[in-house]
Amino acid sequence: MFNFDFYNPTRIFFGKNRLENIDTSIPADARVLITFGGGSAKKSGLIDKVKTILGNRKVYEFGGIEPNPHYETLMKAVEIVRSENIDFIMAVGGGSVIDGTKFISLASHYKGDTTDLLKFGFMPIPLDVVSKVVPFGTIVTLPATGSEMNNGAVISYEHGKFPVMCELAFPKFSILDPTITFTLPKIQVANGVIDAFVHTAEQYITFPVDARVQDRMAEGILQTLIEFGATTVAEPENYDARANHVWSATMALNGIIAVGVPQDWATHMIGHELTALFGIDHGQTLAIVYPSVLEVQRKQKSAKLLQYAERVWNITNGSDDEKIDLAIKKTREFFESLGIKTRLSEYGVTADKIPAVIEQLKAHGLTALSETGDITLEVSQKILENAL
Ligand code: NZQ
Ligand code: ZN
């Protein structure tokens, strides 16, 4: 196991009827900005409930944070924070609203050019670059990204999606009420299951370092997602299935299974370019790229792929190669069973578009992806061709 530091200060309020905790978690004299997306939280009445709970506090609203939140949109909220002296932000939404809120929080007190904050990639923004942020809490409406309990965001700017990490970007608290997610369209539920699955797998199907707790936790999350995936999509109001979905998504990317182990993230980096170029949903890009990454990288990943086959899918018959083949096949079938297509061509992306993806990876410096850095641009091209 590698050395590691672990820090996670986010308080979680999980379960039914937890909204009231907003009141005790936000200072009574706070000037609050509620951030939300394209309208689902307004329509469901959630924003009104939050406003009622906030009571006499001075409350402002900022809606319209789009999926794959854009820098320009977020800067409009930064202007409100600055002009109205906002000192707490209440994010109500999925990963895009929460990520966008993290950026608003980081950018509002930043004195320089705020595009600077997009340049650090996976390196945490140093605390001498950003030392003061606007504290924020979240109400999760879509279980997928884990953003509600981590310090990362992904921000769209020009033709790219840029990771932003900072120790000051953890939410103060997050409300995880599975019933709030009941209004989700089926496709977003399926995207959410796949996102949580691939987050877990990118930290697990790498190479062995004898990290048994992390491995068994990852296997538990994957098996849980496999067990209730179809149910949480087909039965939107099945509380138990959705509760397990919500907590799996949070646990997949709150840092706990990441400690002391190698991490891949190639699928996410290639997937981000597919979203930026073709507008394919984040979860769908993962369903396209991940099976192909496993196929192309099967040699390098063989020890963990075998462990995955045996322990997650309970495959006991056949040679090692046959077990791995079957595990990869089952992974693809699982994504498809949720109603998500796994081939690039099924999203209208043909072979002639692949060079543009490679150009973008190159422009963003993503030329040595994977847990060992062995996914060069040539290998990324092979992965994309194999995904057609
Ligand atoms: O905008 P509204 O009207 O709210 O509609 C949203 C949006 O259209 C809708 N929705 C959300 N909750 C709903 C609902 N509709 C009905 N009922 C509800 N309860 O769902 C649509 C998608 O929302 P979005 O927030 O974009 O989805 P998701 O949570 O999948 O977030 C995706 C974003 O997160 C980033 C992705 O790159 C992408 O930008 N990621 C963030 C990560 C992180 N911070 O750790 C890691 C991830 O790997 C990912 O990259
Ligand atoms: Zn993801």
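A residue counts as near a molecule if one of its heavy atoms lies within 4 Å of it. Keep that cut-off in mind for the first stop. The model is predicted.

**Stop 1: ligand 1.** Select ligand 1 and its shell. You should get 32 surrounding residues. The closest are Gly38, Ser40, Gly95, Ser96 and Lys161. By class, the shell holds 10 nonpolar, 19 polar and three charged residues.

**Stop 2: polar contacts.** Show the side chains of asparagine 150, lysine 161 and threonine 183. Asparagine 150 places a polar side-chain atom 3.0 Å from an oxygen atom of ligand 1. For lysine 161, the distance from a polar side-chain atom to an oxygen atom of the ligand is 2.7 Å. Threonine 183 instead faces a nitrogen atom of ligand 1, with a polar side-chain atom 2.8 Å away.

Now turn on the surface. Ligand 1 taken alone exposes 960 Å², and the protein buries 87% of that. Helix 5 (95–107), strand 6 (152–157), helix 6 and helix 9 (266–278) each give two or more residues to the shell.

**Stop 3: the domains.** Colour domain 1 (11–180) and domain 2 (184–386) separately. Ligand 1 lies between them, because both give residues to its shell.

**Stop 4: the zinc ion.** Select ligand 2. Which residues coordinate the zinc ion? They are Asp195 through OD, and His199, His268 and His282 through NE2, at 2.0 to 2.2 Å. Along the sequence, the donor spacing reads D-x3-H-x68-H-x13-H.

Finish on helix 6 (residues 186–202). Aspartate 195 and histidine 199 sit four residues apart there, so about one helical turn separates them. Both aspartate 195 and histidine 199 are buried.

Methods. Residues are numbered from 1 along each chain as its sequence is written. Chains are lettered from A and ligands numbered from 1 in the order in which they are written. This is a predicted model: local features need pLDDT of at least 70, side-chain atom pairs count only at pLDDT 80 or more; totals for chains, interfaces and linings use all residues. Side-chain values use heavy atoms; hydrogens and water are left out. Donors are N, O and S atoms within 2.8 Å of the metal (3.2 Å for Na, K and Ca); water is not among the atoms, so sites may look incomplete. Buried means under 20% relative accessible area, exposed over 50%, partly exposed in between (1.4 Å probe, protein chains only). A polar contact is a pair of N or O atoms within 3.5 Å; within protein, one must be able to donate a hydrogen and the other to accept it, and residues adjacent in sequence count only if both atoms are side-chain atoms. Accessible areas come from the Shrake-Rupley method with a 1.4 Å probe; for residues, only the protein chains shown count as cover. Ala, Val, Leu, Ile, Met, Phe, Trp, Tyr, Cys and Pro count as nonpolar, Asp, Glu, Lys and Arg as charged, and the others, Gly among them, as polar. Domain bounds come from an automatic or database domain assignment.
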